[in-house]
Amino acid sequence: MRLNYRNHRKLVVTDFGKAFVGGHNVADQYVGRDNWFGHWRDTHVCVEGPAAVACALSFVEDWLWASGEQINMPQAAEAPLPGDEAVLVMPTGPADKLEECALAFVETAARAKERLWITTPYLVPSLDVQTALCAAAMRGVDVRILLPEKRDHWTVWLASHAYEDTMVQRGVKIYRYTDGFMHQKVTLLDDDLVSIGTVNLDNRSFQINFELTLWFTHERMIKNVTEMLEEDFSRARLTWPDAFQSRSYVFRVLAQGARLLSPIL
């Protein structure tokens, strides 16, 4: 089943001392050169020191898995400490003994007390993640999910509307980004935790893809991400409760059909 696996990590490492992780791939649309997508909204983060070494280790493991070639690299203890922020580097993939990526998102939703803001280009969550998000909203947490208005893949775009309808009915606020295409993968939990990485809110990211997520707790990062997301939400429209029902019958049938297919996509 190796053909079904997908390395979805977007990682650049330089000299084992600096690493860049986030949503950007290498293509024209990611720098706004595609006429259909127009402005491309994404988020990448740069880390240095031991966190960069941990990211490099993820690359080294991927390289060994794909090519059989071993890359020698320095130990994390040898890396300097250039900053004052702690970073947790979390690579996940189909070789994990547990579905660590899904467990992390479920735990994040369970811990939320005031707000849980998530940006993702695709909304095809597992039942566990969907339940955790809805439960957080139903107990009064400000659960927001920012999705793109534009589509890039028909099936997952259609499926996201069916999932959106279910979650909106349970108090989750779904926003659609209207200023181009939104592709970032960011999570903000209360004033305590931020994640930036490659994980989409979909089954493939949780179960099949090789992904990479960075978690931050420093108040400076929390503040910066809060301001960033507030700006993003100001460029989006809030989905109203009857939005899905106002769609045509054909659209609703196609969306529900895409939702049925989503676990195997």
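This text walks through the predicted model, from its nonpolar interior to a patch on its surface.

Start with the largest nonpolar core. It holds 42 residues, and L116, L133 and I145 touch the most other members. Several elements each supply at least two of its residues: α2 (100-111), β7 (115-119), β8 (123-124), α3 (127-138), β9 (142-148), α4 (154-168) and α7. Helix α4 gives the largest share, eight residues. Another core lies apart from this one. That second core has 27 residues, among them V47, V186, L212 and A236.

Now take L116. Neighbours within four places in sequence are left aside here. Its remaining contacts are T108, A109, L133, V141, D142, V143, R144, T187, L188 and L189. L133, one of these partners, is itself among the core members that touch the most others.

T108 is worth a closer look. This residue sits in helix α2. Its relative accessible area is 5%, under the 20% limit, so T108 counts as buried. Beyond four places in sequence, T108 is in contact with L116, T187, L189 and W215. T187 and L189 also appear in the contact list of L116.

Finally, turn to the surface. Y249, V250, V253 and L254 make a nonpolar patch of about 420 Å². V253 belongs to helix α7, residues 249-261. Is V253 buried or exposed? Neither label fits: at 43% relative accessible area, V253 is partly exposed, because that class lies between 20% and 50%. Helix α7 thus has two roles in this description: it supplies at least two residues of the largest core, and it holds V253 of the surface patch.

Note on methods:
Residues numbered from 1 in each chain as written. Predicted model: local features only at pLDDT ≥ 70, side-chain atom pairs only at ≥ 80, totals over all residues. Heavy atoms only, no water. Patch = residues over 30% accessible without salt bridge, like charges linked within 9 Å, V, L, I, M, F, W, Y side chains within 5 Å. Areas by Shrake-Rupley, 256 points an atom, 1.4 Å probe, with all protein chains shown as cover. Salt bridge = Lys/Arg side-chain N within 4 Å of Asp/Glu carboxyl O. Helix = DSSP H or I, 4+ residues; strand = E, 2+ residues; numbered from the N terminus. Buried < 20%, exposed > 50% of the residue type's maximum accessible area, 1.4 Å probe, protein only. Core = buried A, V, L, I, M, F, W, Y, C linked by side-chain atoms within 4.5 Å. Contact = heavy atoms within 4.5 Å.
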